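Me: I have not looked at this one before. Could you take me through a few of its residues and the contacts they make?

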Amino acid sequence: MALKNYKPRISKVKINRNIKFISYLSCLIMIIFIITLFFQPSNKYDIARLDSSFFKGNYNNSKDLLKIENATLVGNDKKNRPYMLSAESAVNSKIKKNLFILNDVSADITLKNGRWILLNTSKAIYDIERQILQSESNVEIFEDTGESFLVKEMTYDFRAGIISGNQGIVMLGNWGKLESENFTYNPNMELLSLYGAPSLVVD
C-alpha cells in the first residue's frame, strides 16, 4: 500500500484544539466582565447603614477603618472662599480614602461679600476629592440674613456652591414660611429654585 498521498491529521487536531482554547478564553473573559459589573460600587453613598452604635466603637476591631475624634476638615470653593466641617467623630476607610463618614456635623461656610451660612446634621458623608457633603438625615441651615432651612436630605457641592435636595424643604424667615418638595439653592447668588408644588404662608 502506497503512503505517498497520505496527509497526517495532526494539523487538523491542532486547529481544533486552538478553536477550543479560544472558546474557553472567550467564556472566561465574559464571566470576568459580568462579575466586574455586578460588584462595581455605586456612586451614591449608602448612609442608611450608618447607626449610632457604629460610631460608638463597632469598627474598633477593623484594621481597615480609622476613627478621628473631634475632627476638623477644611477646604475652599472655586472662588477660594473657605469652609470648615467639624464633627464629633470622623471615620475613614483605607479602601476609599477620599470618603469620611461624619457624626454630629457642623459646617461653617464663608460666602461672597463676607456673608456666611451654618449647617448642622447628625450624619453625613464627605468626599474630600469632589468636595461634596451628603446627608440623608435632617439638616438645619442658618443664614446670616436671619433665614433658616430645614431639609430631610441634601447634597452640598462646595466647589460649585450649590445645595440640592428632593425630600422636602421648609424655609423660615420674618416674612413667613415656604415649603416645597425639591430644591436647589445657590447661597452666594441668593438664588433658590423650588420644584414640586411649592407653598408660601405669609406672616
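Reply: Let us begin with Lys67, which is partly exposed at 27% relative accessibility. Please bear in mind that this is a predicted model.

Me: Which side chain meets that of Lys67 in a salt bridge?
Reply: That of Glu69; the N to O distance in this salt bridge is 2.6 Å.

Me: Is Glu69 buried, partly exposed or exposed?
Reply: Glu69 has a relative accessibility of 48%, so it counts as partly exposed, the range for that class ending at 50%.

Me: How many salt bridges are there?
Reply: The count comes to five. Among them is one between the side chains of Arg115 and Asp144, at 3.6 Å from N to O.

Me: Where do the two residues of that pair sit in the chain?
Reply: They link distant parts of the chain, being 29 residues apart. Arg115 is in the loop between strand 3 (99–110) and strand 4 (116–127), while Asp144 is in the loop between strand 6 (139–143) and strand 7 (148–151).

Me: And what are the accessibilities of Arg115 and Asp144?
Reply: Arg115 has a relative accessible area of 13% and is therefore buried, the limit being under 20%. Asp144, at 32%, is partly exposed.

Me: Which residues are in a network with Arg115?
Reply: Glu143 and Asp144 are linked with Arg115 in a network of salt bridges.

Me: What does Lys177 pair with?
Reply: The side chain of Lys177 forms a salt bridge with that of Glu179, with 3.5 Å between N and O. Lys177 is partly exposed at 34%, and Glu179 is partly exposed at 31%.

Me: Changing topic: where is Gly168?
Reply: Gly168 lies in the loop between strand 9 (162–165) and strand 10 (169–173). With a relative accessibility of 15%, it counts as buried.

Me: What is Gly168 in contact with, leaving aside neighbours within four places in sequence?
Reply: Its contacts are Leu150, Val151, Lys152, Ser180 and Glu181. For Lys152, the C-alpha to C-alpha distance from Gly168 is 6.0 Å, with their places 16 residues apart in sequence.

Me: One more: which strand holds Asn186?
Reply: Asn186 belongs to strand 12 (residues 182–186). It is buried, with a relative accessible area of 15%.

Me: What lies around Asn186, again without neighbours within four places in sequence?
Reply: Asn186 is in contact with Gly161, Ile162 and Leu191. In addition, a polar atom of the Asn186 side chain lies 3.1 Å from the backbone nitrogen of Asn188.

Technical notes. Residues are numbered from 1 along each chain as its sequence is written. This is a predicted model: local features need pLDDT of at least 70, side-chain atom pairs count only at pLDDT 80 or more; totals for chains, interfaces and linings use all residues. Side-chain values use heavy atoms; hydrogens and water are left out. Helices (H or I, at least four residues) and strands (E, at least two) are DSSP runs, numbered from the N terminus. Buried means under 20% relative accessible area, exposed over 50%, partly exposed in between (1.4 Å probe, protein chains only). A polar contact is a pair of N or O atoms within 3.5 Å; within protein, one must be able to donate a hydrogen and the other to accept it, and residues adjacent in sequence count only if both atoms are side-chain atoms. Contact means heavy atoms within 4.5 Å. A salt bridge is a side-chain nitrogen of Lys or Arg within 4 Å of a carboxyl oxygen of Asp or Glu.
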